[in-house]
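Morning, everyone. One model today, and a short tour of it. Please bring it up on the screen.

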Amino acid sequence: MHASLSPLRRLCPSAIRLAVVAAAFIPITAWSQGPLSLAAAVRMAAEQSRLLAAGQAQAQAAGELAVAAGQRPDPVLKAGITNLPIDGGERFSLTRDFMTMRSVGVMQEWTNDDKLRARAARAEREIDLARAGREQALAALQRETAAAWLERRLYEQMRELVAQQRAEAALQIDAAESAYRTGRGSQADVFAARSSVARIDDRAREVEAQIETATARLSRLIGQAAESPLDDMPDLARAPTDEALLAAGIDRQPLVALAASQEAAALADADVARAARRADWSVELMFSQRGPAYSNMVSVGVSVPLQIDRAGRQDRELAARLAQADQMKAQREDAARSALADARVALRQWQSRRQRIALHGDTLIPLAAERTRAALTAYRGGGANLAAVLEARAAELDARMDRLKLEMEAAALWAQLAYLVPSQGETRP
């Protein structure tokens, strides 16, 4: 820009309009809140998630049931009248017939201790299942939140890049119009410059729409805070994990941990079925009152189920539970293999993106910038037309945009790797 121009004249009208439009997209709440960091967004998503609250309630419910599962059944109060006459002179009399008795008693089912322990252990596995499910939901929530935060942050960088290119292209319009008025340029150059600005404006609208989409995604996860300006990016050039850490921590990944909890629950079911091969006894004590002329009586009884076909009933149930445990074990092993393979693929894809980002930063973008400067120098010296300058600028913008797109792909992979295991409040790398 020319130093002799006043501060207002240094901005062309189209650039001023762009600044006003960009300011309109800044939420009012953004001015009153501090920058939102990635770690803060992830923490807020966990605090506000109703799905995680439901998982916590499920674990609490399982804990209450685990206590109840280890208790014996409640005693049964029994009361009745036995041998009441219904005809003759003593009909409906409770005292005149010697066989008539008014009885009250209590019966208790005596569950064997092994079965009680097995039932309690099985109920405790439900607690583990609920916690594992919550951890899986937490990890998925944190990955989604980090991805939305990073996506919006990178689209904002893209918006800054487009705005910078737009300002430079707007100056080119002024230069083309000035050259046309003085007879040094053609009207075609003016139209070409205007077309270039229009294409950049279209790209700016597309980027703005992507920012709004990413903000909406983030808002669904953290609410009104998503409207705040975002803090600086974390160091995405450093790997959040490596091959050794992936292999060592595979059992901590929520999907694998959930499969392990399901296997433990299946083994607990087998223990319950094994304990059920021993029948439970029931003990009953009853007091029976007769008429005043007769003696009162006490009765004691024991009931024992007869397992007349244990091989066809109890043993088969145990075999079925053991087979289900084998099924869960195989599924857990497969889940571990799949999770490790997926994580390794994501890590290698991230490494590939970082290498391509380095290539763009070290080679492709500098070359595109040199081409732009060379074309501009030639145009100013009369050795090239404006079309060559605009083409070089477009190529440079494309190179910079391609690098940001690679940054977005790498950021999504980084979030996937950084939150394979849910964060419990510590800052991720």
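Start with helix H5, residues 187–222. What should its 36 residues span at 1.5 Å a residue? The expected figure is 52 Å, and the end C-alpha atoms are 52 Å apart, so the two agree. Keep in mind that this is a predicted model.

What comes right after H5? Gly223 does, and its phi is positive, near 80°.

Stay in that region for a moment. Ala225 sits in the loop between H5 and helix H6, which covers 243–248. Is Ala225 buried or exposed? Its relative accessible area is 15%, so it counts as buried, the cut-off being under 20%. Now look from Ala225 back to Ser195. Along the chain they are 30 residues apart. In space, 38 Å separates their C-alpha atoms.

Next, helix H4. It runs over residues 113–181, and Lys115 is found in it. How accessible is Lys115? Relative accessibility is 8%. Buried means under 20%, so this lysine qualifies. Which residues does Lys115 touch, once neighbours within four places in sequence are left aside? Four are in contact with it: Ala275, Ala276, Arg278 and Asp280.

Since we are on helices, a general reminder. An α-helix has 3.6 residues a turn, so residues three or four places apart point the same way.

Now zoom out to the whole chain. We have 9 helices and 4 strands. Along the sequence, the order reads α-α-α-β-β-α-α-α-α-β-β-α-α. So much for the order; on to overall dimensions.

A compact globule of 429 residues would have a radius of gyration near 22 Å. This protein chain has 39 Å. The box tells you more about the outline. Along the principal axes, the C-alpha atoms fill roughly 140 × 45 × 35 Å.

What about burial over the whole chain? Of the 429 residues, 37% count as buried. The accessible surface comes to about 24400 Å². Carbon and sulfur atoms account for 54% of that surface.

Contacts next. Take those in the protein chain with a separation of 6 or more. Of these, 80% are between residues 24 or more positions apart.

Last, charge. How far apart are the mean positions of the positive and negative charges? There are 56 positive and 54 negative charges, and their mean positions are 2 Å apart.

That is the tour. Over to you.

Definitions and conventions. Residues are numbered from 1 along each chain as its sequence is written. This is a predicted model: local features need pLDDT of at least 70, side-chain atom pairs count only at pLDDT 80 or more; totals for chains, interfaces and linings use all residues. Side-chain values use heavy atoms; hydrogens and water are left out. Helices (H or I, at least four residues) and strands (E, at least two) are DSSP runs, numbered from the N terminus. The radius of gyration is taken over C-alpha atoms; the globule rule is 2.2 Å times the number of residues to the power 0.38. Buried means under 20% relative accessible area, exposed over 50%, partly exposed in between (1.4 Å probe, protein chains only). Contact means heavy atoms within 4.5 Å. Accessible areas come from the Shrake-Rupley method with a 1.4 Å probe; for residues, only the protein chains shown count as cover. Lys and Arg count as positive and Asp and Glu as negative; His and the chain ends are not counted. The place of a charge is taken as NZ of Lys, CZ of Arg, CG of Asp or CD of Glu. The expected span of a helix is 1.5 Å times one less than its number of residues.
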